[in-house]
Amino acid sequence: MTQLERASLKNLHAEAATVARAEQEERYDELNTRLHQAIYDGAHNPSIASVTENFRQRIMPFRAVAGTARHRIHESHDEHEALVTAILDGDAAAAHAAMRHHVATSSLTVLDLLSERMAQSKRAG
């Protein structure tokens, strides 16, 4: 990442901290998207950026389900903290581990919420 990209990433993350504390879900979702995009762009790898953006678009409906879990704002921000710190420190191994953890935790949240909704639907119907 260039110095300008690193500064932008740091500023986005700081702004997201304020929004997360206020539990402003819609604004946090917007900043979350911008933060992820800054990371893709900062990698300077168009192929990976394209694949990742395509994947994010495909899972958007499931991410919307995860977004309904208010606790996920705080967890997501904490996960971003580890990731952003690793990126700014130039620690590729820590960034990799932080991103894997973030993706796994987000995935488990979505699966748990979908399972819960299916169970509710069965009880109601």
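**View 1. E75 and R72 sit 3 residues apart in helix α5, so about one helical turn separates them.** This is a predicted model, and here the pair forms a salt bridge, with the closest N and O atoms 3.2 Å apart. The two partners differ in how much surface they show: E75 is partly exposed, with a relative accessible area of 32%, while R72 is buried at 6%. Helix α5 itself covers residues 70-89. The side chain of R72 also makes a polar contact with the side chain of S106, at 2.7 Å.

**View 2. E30 and R34 meet through their side chains in a salt bridge.** The N to O distance is 4.0 Å. Both belong to helix α2, and because they are 4 residues apart, about one helical turn lies between them. That fits the usual geometry: an α-helix has 3.6 residues a turn, so residues three or four places apart point the same way. E30 counts as partly exposed at 39% relative accessibility, and R34 is also partly exposed, at 39%.

**View 3. E15 and R27 form a salt bridge, with their closest N and O atoms 2.2 Å apart.** This one ties together distant parts of the chain: E15 is in helix α1 and R27 in helix α2, 12 residues apart. E15 is partly exposed, with a relative accessible area of 31%, and R27 is partly exposed too, at 26%. Pull back a bit and E15, R27, E30 and R34 turn out to be linked in a network of salt bridges. Across the whole structure, a search finds 5 salt bridges.

**View 4. Helix α2, end to end.** This helix has 19 residues and reaches 27 Å from its first C-alpha to its last, close to the 27 Å expected at 1.5 Å a residue. Its buried residues include Y28, L31, L35 and I39, along with the polar N32 and H36. Right after α2 comes H44, whose phi is positive, near 55°.

**View 5. Y28 and the largest nonpolar core.** This core has 17 residues, and the members that touch the most others are L9, Y28, L35, I39, L83 and I87. Helices α1 (3-21), α2 (25-43), α5 and α6 (92-124) each give two or more residues to the core. Zooming in on Y28, its contacts are A16, V19, A20, I73, S76, H77 and H80, leaving aside residues up to four places away in sequence.

Notes
Residues numbered from 1 in each chain as written. Predicted model: local features only at pLDDT ≥ 70, side-chain atom pairs only at ≥ 80, totals over all residues. Heavy atoms only, no water. Polar contact = N/O pair within 3.5 Å; in protein donor to acceptor, adjacent residues only side chain to side chain. Core = buried A, V, L, I, M, F, W, Y, C linked by side-chain atoms within 4.5 Å. Buried < 20%, exposed > 50% of the residue type's maximum accessible area, 1.4 Å probe, protein only. Contact = heavy atoms within 4.5 Å. Expected span 1.5 Å × (residues − 1).
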